[in-house]
Amino acid sequence: MNLRFDGRTALVTGAATGIGYAIAEALAESGATVIVADIDLSGASQAAASLGNGALAVKVDMAKHEEVEAMVAFAVEHTGRLDMLVNNAGVAGPMEPLGDYAIEAWHKVLDVNLHGVFYGMHYAIPAMQGNGGGAIVNMASILGTVGFVDANAYVASKHAVLGITKAAALEYAADGIRVNSVAPGFIATELVKNSLDEETRAEMASAHALDRMGETAEVASLVVYLLSDQASFITGSNHVVDGGFTAR
């Protein structure tokens, strides 16, 4: 299958590292001009330089709507258009039972994981309408379909991402804008590899039917497909890439 994005601009949030970087890399290799957006401007700049193909970096805090608006304006100003948005930026938050969960921590998780997704679409959709259409992928999680102990804020935010994805897809289908979500299982990012001990990683791997964690490239390949014209009849749906986690 030949997936090409020549002449198109893709905006990927949280793209300095991990899943976001893997998505940005796959898009750049397929001809897209990628805007690497991240709260870490230095990391975003390094990532953009490594991607080549005209990739650009921009700093954004997805919890601040004015910065998200500026991020979209940056993409349009520097490339003349916006065709694709991947709302990938997110935070996990602390692991605490609901009764002990700090109010400030709850708001931080929702501000980034849910409000940031809303802001991204809110400002990107008008730019896509000007092009005659576009494609959006919102990063959900397996925890957007099931519960998980001590992760109430994260679980709530990811369930909400599935809902806003479906609503937006219905609202903008007539404008040629497709909106889908992707729900990864536990992915072996560098952060996971460096921050968790071997026993914990093994326990996480065993939760999947395939008895391993996923790789960032495996998530990226699904996202890139959903952004492509090959997925032209797919909108308003959630797509798991979880090694069988939710099948159990």
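## A tour from one loop residue to the sheet and its cores

Begin by selecting aspartate 150, which is partly exposed, with a relative accessible area of 25%, in what is, throughout this tour, a predicted model. Aspartate 150 counts as partly exposed because its 25% falls between the cut-offs, buried being under 20% and exposed over 50%. Colour the neighbouring elements and you will find aspartate 150 in the loop between E5 and helix H5 (152-172), where its phi is near 70°, a positive value in a residue other than glycine.

Next, select aspartate 211, in the loop between helix H7 (198-206) and H8. Here too phi is positive in a residue other than glycine, with a value near 60°. Is aspartate 211 buried or exposed? At 55% relative accessibility, aspartate 211 counts as exposed, because the cut-off for that word is over 50%.

Now show the strands alone. They form an open sheet of 7 strands with parallel pairing, and you can follow them across in the order E3-E2-E1-E4-E5-E6-E7. At the edges of this sheet are strand E3 (56-59) and strand E7 (238-241), each of which pairs on one side only. From one strand to the next, the twist averages 20°.

Select residues 9-13 and residues 33-38 to see strand E1 and strand E2, which run parallel and are joined by 5 bridges. Within this pair, leucine 11 stands opposite isoleucine 35 in E2. Add helix H2 (residues 41-51), which packs on the sheet and touches E2 and E3, its direction making about 165° with that of E3. Then add helix H4 (residues 103-131), which lies across strand E4 (84-87), strand E5 (134-139) and strand E6 (177-184), and runs at about 180° to E4.

For the interior, display the side chains of Ile23, Leu27, Val34, Val223 and Leu227, which touch the most other members of the largest nonpolar core, a set of 33 residues. The elements that give two or more residues to this core are E1, helix H1 (18-29), E2, H2, E4, E5 and helix H8 (216-227). Which of them gives the most? H8 does, with 7 residues.

Centre the view on isoleucine 23 and look for its contacts: leaving aside residues up to four places away in sequence, isoleucine 23 touches Val12, Val86, Met139, Ala220, Val223 and Val224. Finish with the second, separate core, which has 32 residues, and select some of its members, including Ala37, Val58, Tyr123 and Leu162.

Notes
Residues are numbered from 1 along each chain as its sequence is written. This is a predicted model: local features need pLDDT of at least 70, side-chain atom pairs count only at pLDDT 80 or more; totals for chains, interfaces and linings use all residues. Side-chain values use heavy atoms; hydrogens and water are left out. Two strands pair if DSSP finds at least two bridges between them. Helices (H or I, at least four residues) and strands (E, at least two) are DSSP runs, numbered from the N terminus. Axes are lines fitted to C-alpha atoms, for helices over the stretch in contact, and angles run from 0 to 180 degrees between N-to-C directions. Contact means heavy atoms within 4.5 Å. A nonpolar core is a set of buried Ala, Val, Leu, Ile, Met, Phe, Trp, Tyr and Cys residues joined through side-chain atoms within 4.5 Å. Buried means under 20% relative accessible area, exposed over 50%, partly exposed in between (1.4 Å probe, protein chains only).
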